Amino acid sequence: MMTTSEQTNHQVSLKLLLPLLASIIAVSPLAIDMYLPAMPIIAAQLSTDMSSVQNSLSIYLLGYALGLLFFGPLADKYRRRTLVIIGISGFTLVSFAIPFVTSIEHFLTLRFAQAFISSAATVVVPGTIKERYGNNTAKGFSYVSMIMMVAPMIAPSIGSVLLLHSWQAIFTVLGIYSLLILCLAYRFLPERKQVIEVKRVSFLARYKIVFGHKKSQLDLLSSMAISLAFFAFITAIPFVYLTVFKVSEFAFSFLFGINVMTLMTAHFINTRLVTRKGSRKMQSYGLVVALLASSGLVIAQYFQLSLIYTVAVLLPLMGSISMIAVNTDALILLEFNRESGTATAVIGTLRFGIGSLAGPILAYFYDGSALPFALLMWCSVIVVLLCQLPHWVNTNLKN
């Protein structure tokens, strides 16, 4: 029997759970996007070149990926609230320390530490959603993603305003934000319902279980491929809009915002339908739309059609990519009851790993047009299609 206070805490935690989890995950997008406008000023004040400051973004992603690998198995073994408190506390301390750096080396070191420790908090979020939503995990993912996407939409603008004071103010505000999230997580974040298994499984054995799970292997490949398409968009879209189509900075912000709104709309649609249709069916719907839209994108770039055609196919393409990604991740996690943290680490590491290849691939095939970008998006969707064909065949055979 739960006490009255425990029941109250349980009820409140359910009301706050989704925005709280979204706020925890939003820590990294805010840490990445808020300081982008400040890069030239940071370079000048730390007496270094712009490329060194830009490398801090790659350093952050590397630290985050390594942190996922380290904390993923720990999330299956230890209390989730403990890891969240460790992760957010560490992020807060490092955020308050960054304004006092005096060299680019110190800045890069602290950015790595900031990303590494923050992953301890974010790695537990998918497992918490899975526990609450069960077979409707994709619905929970979509709700959290809808809320979390506010962060990358507003982060650059917040950074620009804070930059009027100083670049240090950006990281101070990040520290204040994470301190607030820490207090809320300590008060409201529920612990796992499931009793932790008594059987001890080694750190590496957990990864062996995840990678050796045959039913999830094709979905892991699908997750990687669709992540490559997403990072190709993030990497290339400034060049496509600003250089190829020569739109203004204001128009670029508007077009980018529309794409983010499309992602949120796709997640909303998924929350409405996934309970009835299931994640596999919603994944297939997204894949069909992605195949048609990516083919249209290639055609638009090959024949050098006007901007309106590119925008018209990018909107459904990005919406379908988000639908594929969220349902694929849910399908993977549903296969792992005791290794959800490790599975989350695998998904995240593979996602960032393959995503880091988008830039070099686009640079290698650069020809001054948006065609390489379109072809990379199309090829990524084709890989997902090939990975999912066995599932479709098996489903049809059963029917």
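**Exercise 1. Classify Cys387 by its relative accessible area.**

Solution. Cys387 has a relative accessible area of 7%. Buried means under 20% relative accessible area, exposed over 50%, partly exposed in between (1.4 Å probe, protein chains only). Cys387 is therefore buried.

The model is predicted: local features need pLDDT of at least 70, side-chain atom pairs count only at pLDDT 80 or more, and totals for chains, interfaces and linings use all residues. Residues are numbered from 1 along each chain as its sequence is written, and side-chain values use heavy atoms, with hydrogens and water left out.

**Exercise 2. Decide why Cys387 forms no bond with Cys379.**

Solution. Start with the cut-off: a disulfide is a pair of cysteine sulfur atoms within 2.5 Å. The closest cysteine sulfur to that of Cys387 belongs to Cys379, 13 Å away, so it is too far for a bond. The structure holds zero disulfides. Cys379 is in none either; its nearest cysteine sulfur is that of Cys387. Cys379 has 38% relative accessibility and counts as partly exposed.

**Exercise 3. Compare the span of helix 5 with the expected one.**

Solution. Helices (H or I, at least four residues) are DSSP runs, numbered from the N terminus. Helix 5 covers residues 80–97, 18 residues. The expected span is 1.5 Å times one less than the number of residues. That gives 26 Å, and the helix reaches 26 Å from its first C-alpha to its last.

**Exercise 4. Place Gly90.**

Solution. Gly90 lies in helix 5. Its relative accessible area is 15%, so Gly90 is buried. Other buried residues of helix 5 include Gly87, Phe91 and Val94. Leu36 is 54 residues from Gly90 in sequence and 22 Å away in space, C-alpha to C-alpha.

Terms used
Helices (H or I, at least four residues) and strands (E, at least two) are DSSP runs, numbered from the N terminus.
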